[in-house]
Amino acid sequence: MEAEHDVLVVGAGCAGMRAAIEAHDAGADVALISKIHPVRSHSGAAEGGINAALGNASEDDPEKHAFDTVKGSDYLGDQDAIQVLCDEAPDDVYQLENWGAVFSRTEDGRIAQRPFGAAGEPRTAYAADITGHVLVHVLYEQVLKRELKVYEEFFVWKLAVDDDRCQGVIAWNLIDGGLTSIGAKTVIIATGGAGRLYTGTTNAYACTGDGMTMALRAGVALEDMEMMQFHPTTLAPTGVLITEGTRGEGAFLLNSEGERFLKRYAPNAMELASRDVISRAEQTEIDEGRGVDGNVMLDMRHLGAEKILERLHGTRELAMTFAGVDPIYEPIPVRPGAHYHMGGVDTDVWGRTSLEGLYAAGECACVSVHGANRLGGNALMETITFGKRSGAHAADWALTHTTIEVPPSLETDAERELKELLDRGEGERPWSIRNELAETMHENFGVFRREDEMRKQGEIVGSLRERYDRVVVEDKGQVFNNDLTQALELGFLIDLADCMVVSGLARKESRGAHARPYDYPERDDENYMRHTIVTWRDGAPKLEWKPVTMTKWQPMERTY
Ligand SMILES: Cc1cc2nc3c(=O)[nH]c(=O)nc-3n(C[C@H](O)[C@H](O)[C@H](O)COP(=O)(O)OP(=O)(O)OC[C@H]3O[C@@H](n4cnc5c(N)ncnc54)[C@H](O)[C@@H]3O)c2cc1C
């Protein structure tokens, strides 16, 4: 065993770093481990902002934030968790400010807040359109200040489970090669999302759902895996995100006839309706022939050059670089793209999973505050608030327990498995299976879902799994062997795709991101206001259900 720690945090994005800081401050010996450098974590790509009812732009309070989140979730969010998020958000944002986060300001010097989709008040605090970048750097400074151990560029492949407890991880050293095990009294998974299940995605290459699958393989349940959010404004063909902040600042969405088509789908909220509503509206326009080369147009010319340059400077750069369009003078072509996984590792409000010693926080977790549809700005807040809470609980548990046991057989078994993969001389390269998985998920499990297409996708995933069993890694080297890690990531993605299809088929209704307009167009609260739960049994996903936690908000029709 390389080392032992009280708390080992897998993943060093906003959730992981916030968890590590909290665990350290609670007195634990903490380490972070990450397959990429912490500041390259995908949290850094977050643009638009972070939601907290600071009340700086209007009369706002956590209760209103909670109601918007419950409604936005299409009543699949757990209301106790949502209350925790919204109550703790203001203090958590001020904490970030005290650590040095340079939020944009109001005239009188307070943190500025912009309107975001489906939010009743302007509640999204922001640092221009580079909020995630700012937060990642501020958190990394705090990690450095505390001199926390960071295992940089280590790829965690397996959780080390012994005596029904998670007691560490087995990881591949990306720089020097070789497997190593690191023991810990508690492990927090904060490995982010799995957008790479799809072709058109806003997510980086690193977002391959590793932690979700590792938990699944360790016997822990995944929740609401059918709930993949499509963001309405992504650039074709790269999937680069154009922030919701553009619409918060007043940008319009137009079809090929120059019509603000949202007046037919969300006449009150228009461009500030929730993401699921706008993505479906766009896809309908495109499918019915009112798109422009498979896109609709995002028009911000009327905002004027000054506002665009001040508040949406990064967005303009992205549009110019990736679409060759300057939004000061021309509308940007956009379409729905896979963006955020509302589902993930089933946890309680302290990040605890059903496996003792294992916690999860951030996008890889499902606590569940987003239910069937996440509101823009709530994901960053979730990483901070639930990162903090899981760090506190994991430290507390670790400090009251003494032993760590990672049996050497776990490492030798992993070594044998890896050797078998590396020794294989012939077979299919991982990338072709990965591409096919992503393309077919887009076709058969996208914005709109059909029973026959989801079934077909289940068969496709089955055949890709068979091909994966014969996958070949051509690079046999030890140093930065991306061929190897991409093969391992592909294994994670295939398991997740299976879980998504099984969950999607079981949910015979339309709710939030799960839209079945052809067979089950309505939300069915009587039968499906409950979470899908998937565990891995005998090499296949097993589906169960879990009730939604309701406190004070009864389901209502969502109108925008
Ligand atoms: C383009 C874009 C813009 C967004 N904008 C906003 C926004 O404005 N507001 C908002 O609220 N939300 C936004 N979101 C969503 C939000 O940014 C993410 O949900 C959130 O930042 C995820 O943080 P995280 O800490 O959970 O994961 P990440 O930041 O993705 O970090 C994951 C970490 O896990 C590590 N890791 C993964 N697998 C392994 C492994 N096998 N071994 C070792 N380490 C591993 C990675 O190295 C990384 O350090 C946006 C998302 C995208 C894609």
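Here are legends for a few close-up views of this predicted model.

**View 1. Glu271 and its surroundings.** Start with Glu271, which sits in the loop running from strand 12 (252-254) to helix 7 (275-287). Glu271 counts as buried because its relative accessible area is 4%, and the cut-off for buried is under 20%. Not counting neighbours within four places in sequence, Glu271 is in contact with Arg247, Ala251, Phe252, Leu253, Arg260, Leu262 and Ile278.

**View 2. Polar contacts of the ligand.** Now zoom in on the ligand itself. A polar side-chain atom of Glu363 is 2.7 Å from one of the ligand's oxygen atoms. The backbone joins in as well: a polar backbone atom of Ala12 lies 2.9 Å from a ligand oxygen, and a backbone N or O atom of Glu47 is 3.3 Å from a ligand nitrogen. Taken on its own, the ligand has 1,000 Å² of accessible area, and the protein covers 97% of that.

**View 3. The shell around the ligand.** Step back a little and you'll find 38 residues surrounding the ligand, with Ser41, Ser43, Gly49, Asp210 and Glu363 the closest. Sorted by type, the shell has 16 nonpolar, 17 polar and five charged residues.

**View 4. Helices and strands that build the shell.** Which elements give two or more residues to the shell around the ligand? The helices are helix 1 (14-25), helix 5 (210-217) and helix 10 (378-399), and the strands are strand 2 (30-34), strand 7 (154-162) and strand 14 (332-341). Helix 10 supplies the largest share, with four residues.

Technical notes
Residues are numbered from 1 along each chain as its sequence is written. This is a predicted model: local features need pLDDT of at least 70, side-chain atom pairs count only at pLDDT 80 or more; totals for chains, interfaces and linings use all residues. Side-chain values use heavy atoms; hydrogens and water are left out. Buried means under 20% relative accessible area, exposed over 50%, partly exposed in between (1.4 Å probe, protein chains only). Contact means heavy atoms within 4.5 Å. A residue is near a molecule or strand if one of its heavy atoms lies within 4 Å of it. A polar contact is a pair of N or O atoms within 3.5 Å; within protein, one must be able to donate a hydrogen and the other to accept it, and residues adjacent in sequence count only if both atoms are side-chain atoms. Accessible areas come from the Shrake-Rupley method with a 1.4 Å probe; for residues, only the protein chains shown count as cover. Ala, Val, Leu, Ile, Met, Phe, Trp, Tyr, Cys and Pro count as nonpolar, Asp, Glu, Lys and Arg as charged, and the others, Gly among them, as polar.
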